[in-house]
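Student: Got a minute to go through this one with me? I'd like to start with how the helices pack.

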Amino acid sequence: MNQKEFIHLINPFKDKIFRLAKRLLVSTEEAEDATQEVLVKLWSKNDSLDQLKSVEAMAMTMTKNYCLDQLKSKRAGNMTIVHNNYTDGSAGLQKRIEDNDTWQWVEKIINQLPEQQRLIVQMRDIEEMEFEEISKVMEMNEQAIRTALSRARKAIRENMTKTNNYGIG
């Protein structure tokens with residue numbers, strides 16, 4: 001496989017790799033480094049990529065593993081999982097403040113989820129990946145993914161309800 005073919009192969013999902021890395025590592029620079037590292041590893045395996053059923057699933061798995069390794073490394077003390085780019089730019093100031101506050105609560109709740117559930121919520125609800133892709137990345141069966149996602153969503157919903165009903169009743 002030459003360079004042009006490789007670029008054509010990875011172009012459709014390279015942004016997904018970056019978004020997953022950004023979600024896990026928070027820092028844009030760290031996410032860019034992770035993306036570059038994964039692409040270099042893929043390039044080094046370019047002769048065997050044709051044999052894979054899904055290069056994207058392989059890349060997402062490599063990204064997840066690389067990021068988790070980074071989080072476990074010495075630099076882990078400076079990194080946390082954060083995501084804050086979901087605000088409506090055309091909304092009024094009050095609405096934007098409320099949206100930001102709500103997202104911060106959801107973010108805190110997601111950060112309290114077990115790591116596996118946190119990753120599944122990221123891939124399914126934010127990245128909008130299919131269950132089949134997630135099962136390959138997480139190395140779990142689809143039913144286990146659905147169960148973990150359901151539990152994670154339930155925990156988020158219950159915590160948000162508790163937060164929003166605080167002081168009422």
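Tutor: Sure. α2 passes α3 in a right-handed crossing (the near helix is turned clockwise from the far one by less than a right angle). This is a predicted model, where local features need pLDDT of at least 70, side-chain atom pairs count only at pLDDT 80 or more, and totals for chains, interfaces and linings use all residues. Residues are numbered from 1 along each chain as its sequence is written, and side-chain values use heavy atoms, with hydrogens and water left out.

Student: At what angle do the axes of α2 and α3 cross?

Tutor: Roughly 135°, and the axes of α2 (residues 14-25) and α3 (residues 28-44) come within 8 Å. That makes α2 oblique to α3 (neither under 35, over 145 nor 65 to 115 degrees).

Student: Which residues of α2 make the contact?

Tutor: Lys14, Ile17, Phe18, Ala21, Lys22 and Leu25, with contact meaning heavy atoms within 4.5 Å. On the α3 side, the residues include Thr28, Ala31 and Val38.

Student: OK, how do α7 and α8 cross?

Tutor: The axes of α7 (residues 131-138) and α8 (residues 142-164) cross at roughly 100° and come within 9 Å. The two helices are therefore roughly perpendicular to each other. Among the residues making the contact are Phe131 and Met138 of α7 and Ile145 and Leu149 of α8.

Student: New topic: is Glu127 buried or exposed?

Tutor: Buried (under 20% relative accessible area, 1.4 Å probe, protein chains only), because Glu127 has 6% relative accessibility. Glu127 is found in the loop between α6 (115-126) and α7.

Student: What is Glu127 in contact with?

Tutor: Lys16, Arg19, Leu20 and Gln122, leaving aside neighbours of Glu127 within four places in sequence.

Terms used
Axes fitted to C-alpha atoms, helices over the stretch in contact; angles between N-to-C directions. Helix = DSSP H or I, 4+ residues; strand = E, 2+ residues; numbered from the N terminus. Buried < 20%, exposed > 50% of the residue type's maximum accessible area, 1.4 Å probe, protein only.
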